[in-house]
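Hi,

Here is the structure I promised to pass on. Please open it next to this message, so that you can follow along as you read.

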Amino acid sequence: MSLLVVGSLALDTIETPFGRVENAIGGSATYISLAAGYFINPVRLVGVVGGDFPTGAIKVLEEHDVDLEGLEVVPSGKTFRWSGRYHYDLNMRDTLLTELNVFEKFEPKIPERHRKSRVVCLGNIDPVLQRRVLDQIEKPRLTVCDTMNYWIEGRNAELRTTLRMVDVVIINDSEARLLSREPNLIRAARLVRDMGPRVVIIKKGEHGALLCTPDMVFSAPAYPMENIFDPTGAGDAFAGGFAGWLARSDDFSDENLKRAVVYGSTMASFCVEKFSVEGLVDLKHLQIQDRFRAFRELSRFDEPPESPDQP
Ligand code: AMP
């Protein structure tokens, strides 16, 4: 049982209708590792930061038992920066700034002892870097890949090459439409599967997630929440819960993929309750399990004893 995560580590500036934070800890690898750490330890992280990455952020990762041997620090460089603004409808967000900084020249080097990782989660990052990581892993049992519109638009051909090499892709609804050029999500999922991944997961924000495998379509609800403060990282927390559960259980059957999607949705729901990574740093296993169970109750119902057409 082992999980390797690659992705961005970032300083995020986020505006929502409820507030604004500057230079908060973020990045796909950060959120994925923190969420996955509730299922498997230690999570092996691969990424790069500049000399300006706060020691407090490193401490948070260390306290969550994230293995940082694969984290490169470039003392003279600047950390990746991202800024986004959410609309009143929190499903809508504008990216205001993406500064790759130290990621521009990053050459991921997987430590020798991590090369046999069984599950690999390629967080949102340049698809070329995702591939360079995969090239260094010996026979992973499952590869999971996340991406976003920035790479679908800017690195389409490279992304398609990466997609041919992975088992599972996780994208949101607008990204699925952008990638497949198909408005219907079920058809879009099939078209994305034709690009390589056996399994496609389409996240629909507060409307849940769709899991499509060669043999089934499963629809998971989202947890109904009254207080959403900051949706940043929800997609990454989803990927962390999903990959973390699969790495822990070492079972890649369709039934267990459904559980993984619900664990992913569970971690995303905790993530959005607070700003930045705050929602993921102080959870208890019992809370996670309670919310997982709540998901089952949300859409469980019994058949009536008589069908409606009987008098
Ligand atoms: P999510 O809300 O799940 O899409 O993830 C938001 C996180 O992704 C933020 O913490 C950002 O720092 C990070 N991010 C945003 N754009 C990119 C990008 N182009 N490449 C890598 N990470 C990014």
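Below is what came out of it, starting with the overall picture and ending at the ligand.

One thing to keep in mind from the start: this is a predicted model.

**The whole protein**

The protein contains 10 helices and 13 strands. Its C-alpha atoms fill a box of roughly 80 × 45 × 40 Å along the principal axes. The radius of gyration is 19 Å, and because a compact globule of 311 residues would come out near 19 Å, the two agree.

**A sheet to look at**

Among the strands, you will find an open sheet of 4, in the order β3-β2-β6-β7, with mixed pairing. Its edges are β3 (19-26) and β7, each of which pairs on one side only. On average, neighbouring strands here are turned by 15 degrees against each other, if direction is ignored. If you would like one pair to trace by eye, try β6 and β7: they run antiparallel and are joined over 6 bridges. One spot to find along the way is Ser 83, whose bridge partner in β7 is Leu 97.

**The ligand**

Now to the part I expect you will want to look at on the bench side. Which residues come nearest to the ligand? Of the 20 residues around it, they are Ser 8, Asp 12, Gly 27, Gly 233 and Asp 236. Sorted by class, this shell has 9 nonpolar, 8 polar and 3 charged residues.

Several oxygen contacts are worth displaying. A polar backbone atom of Gly 27 is 2.7 Å from an oxygen atom of the ligand. The backbone of Gly 235 also takes part, with a polar atom 3.1 Å from a ligand oxygen. Asp 236 uses its side chain instead: a polar atom there lies 2.8 Å from an oxygen atom of the ligand.

How much of the ligand does the protein bury? Taken alone, the ligand exposes 510 Å², and the protein buries 94% of that.

As for where the shell comes from, the elements that give two or more residues to it are β2 (10-16), β6 (80-86), β7 (93-99), α4 (149-154) and α8 (234-249). Of these, α8 gives the most, with 3 residues. Three of the strands in the sheet described above, β2, β6 and β7, are thus also on this list.

Happy to go through any of this with you on screen.

Best wishes

Terms used
Residues are numbered from 1 along each chain as its sequence is written. This is a predicted model: local features need pLDDT of at least 70, side-chain atom pairs count only at pLDDT 80 or more; totals for chains, interfaces and linings use all residues. Side-chain values use heavy atoms; hydrogens and water are left out. A residue is near a molecule or strand if one of its heavy atoms lies within 4 Å of it. A polar contact is a pair of N or O atoms within 3.5 Å; within protein, one must be able to donate a hydrogen and the other to accept it, and residues adjacent in sequence count only if both atoms are side-chain atoms. Accessible areas come from the Shrake-Rupley method with a 1.4 Å probe; for residues, only the protein chains shown count as cover. Ala, Val, Leu, Ile, Met, Phe, Trp, Tyr, Cys and Pro count as nonpolar, Asp, Glu, Lys and Arg as charged, and the others, Gly among them, as polar. Two strands pair if DSSP finds at least two bridges between them. Axes are lines fitted to C-alpha atoms, for helices over the stretch in contact, and angles run from 0 to 180 degrees between N-to-C directions. The radius of gyration is taken over C-alpha atoms; the globule rule is 2.2 Å times the number of residues to the power 0.38.
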